[in-house]
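Colleague: Could you take me through the ligand site in this one, residue by residue where it helps? I'd like a close look at that part, and then whatever else you can say about the surroundings.

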Amino acid sequence: MTSNHIETQAIRTQIERTDFLEHSNPLYLTSSFVFEDAEDMRASFAEEKQRNIYSRFTNPNTSEFVSKICKMEGAEDGYAFATGMSAVFSTFAALLNSGDHIVSSRSIFGSTNSLFTKFLPKWNIETSYFKVDEVDKIASLIQPNTKVLYAESPTNPAVDILDLELLGNIAKKHNLIFIVDNCFATPYLQNPIQFGADLVIHSATKLIDGQGRVLGGVTVGRADLIREIYLFSRNTGPALSPFNAWILSKSLETLVVRVERHCENALKVAEFLETHPQVQLVKYPFLPSHPQYETAKKQMKLGGNVVSFEIKGGVDAGRKFLNSIKLCSLSANLGDTRTIVTHPASTTHSKLSVEDRLETSITDGLIRVSVGLENVQDIIADLQQALTNER
Ligand SMILES: *Cc1c(COP(=O)(O)O)cnc(C)c1O
């Protein structure tokens, strides 16, 4: 029996049972698979049969994880990677040629930005950027050699929203491959393929694992593009380990209930912050005060688990706030059961010039909160005491 309900898809998509008739899926820690005979081996390598050969190509655990994400995102096919960044890199490396050009949102994950500015230029691939409030300029950035339109929404760490339908229409009109990093939204809150995305990338390290245990990544979307990505990856080796795939496939079974609570807590945290005198500005997609609230409501089921706010007093106030935190963690991860606070201007984005930081909406007093699953009253109490003690 198949279902279109995402909870059922996440739980009931399973690889075939073995003869032991296990209920929960076993872990297939094997590097390779055996063949019946010479003909079986020949036909398998000729891809006349769909079967597992070697775990760098496919493995039952990674296949199960990929097929769940495909169903949840409405994608034709996919490939799972060791990390989110190997998904991003392998997707671009597989699809682009020397001389190609990318048009990308300015507000993208730090390592993706490094890939575009430091590494892809080594292969003569250049990127032009638009700011989140400059989508009307995208058409003017497109060149004859532009191949990809790239975006993330909600953005990290400022939690801005880009209109995916609008971007999808631009990509279609100019015949570009539209790629969306959907990490902050998860396959539950937002499905970019509905709005015209050709490929969707996730860092499974974040809310998909949701418990801060393993790294993983996945790219899903158009079968013809995934075929290129698969062939590249099968030969270059960024595959997700079966162990991590097993963890991540189990994690997906609880994604919907976890994310719903994350979002409920995040909205309460955002509402609390809006009332605090030390806080200048709060950004959360489902707060009516968010500049792209209407777009967020159109394309997302709930607002996600990340809230950002501007503390009065700039860099010093931000550092003091972090030093006063007691319950929440200071950590580089996000999307964990444990609430995590970061101050991008003095940490992750401290190497950028003030101008470059402002281009991506990272002001000196910006604090990012990845709201976890602790009791929300405890999360709010910790933020409150840190805001009061920070002077
Ligand atoms: C974390 C993250 C990545 C990279 O994922 P890793 O699993 O850490 O390699 C990519 N994009 C976004 C939006 C992220 O938050």
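Modeller: Here is the ligand site, followed by two lysines and one helix. Bear in mind that this is a predicted model.

Let's start with who is there. The residues around the ligand are Thr83, Gly84, Met85, Phe109, Glu152, Asp181, Cys183, Phe184, Ser203, Thr205, Lys206 and Gly216. Sorted by class, that shell comes out as four nonpolar, five polar and three charged residues.

Now the polar atoms. On the backbone side, an N or O atom of Met85 sits 2.8 Å from an oxygen atom of the ligand. Ser203 uses its side chain instead: an N or O atom there is 2.9 Å from a ligand oxygen. With Asp181, the ligand atom is a nitrogen, and an N or O atom of the Asp181 side chain lies 2.6 Å from it. As for how much of the ligand is covered, it has 380 Å² of accessible area on its own, and the protein covers 92% of that.

Lys206 deserves its own stop. It belongs to the shell around the ligand, and you'll find it in the loop between strand S6 (199–203) and strand S7 (217–221). Lys206 is buried, at a relative accessible area of 10%; the cut-off for buried is under 20%. The UniProt record, an unreviewed entry, lists Lys206 under "modified residue: N6-(pyridoxal phosphate)lysine".

There's another buried lysine to look at. Lys283 has 12% relative accessibility, so it counts as buried too, given the cut-off of under 20%. Its place is in strand S8 (residues 279–283). To get your bearings, try Gly217: 66 residues separate Lys283 and Gly217 along the chain, and their C-alpha atoms are 27 Å apart.

Finally, helix H2, which runs over residues 38–45. Asp37 caps its N-terminal end, with a side-chain oxygen 3.2 Å from the backbone nitrogen of Glu39. Within H2, the buried residues are Asp40, Ala43 and Ser44. Look down the axis of H2 and those buried residues fall within an arc of 100 degrees, so they line one face of the helix. After H2 comes Glu47, which has a positive phi, near 60 degrees.

If you go back to the site on screen, I'd pick out Met85, Asp181 and Ser203 for the polar atoms, then step over to Lys206 in its loop between S6 and S7.

Definitions and conventions. Residues numbered from 1 in each chain as written. Predicted model: local features only at pLDDT ≥ 70, side-chain atom pairs only at ≥ 80, totals over all residues. Heavy atoms only, no water. Near = heavy atom within 4 Å. Polar contact = N/O pair within 3.5 Å; in protein donor to acceptor, adjacent residues only side chain to side chain. Areas by Shrake-Rupley, 256 points an atom, 1.4 Å probe, with all protein chains shown as cover. Nonpolar A, V, L, I, M, F, W, Y, C, P; charged D, E, K, R; others polar. Buried < 20%, exposed > 50% of the residue type's maximum accessible area, 1.4 Å probe, protein only. Helix = DSSP H or I, 4+ residues; strand = E, 2+ residues; numbered from the N terminus. Arc of directions from axis to C-beta. UniProt positions renumbered as here; feature names shortened; annotations may be inferred.
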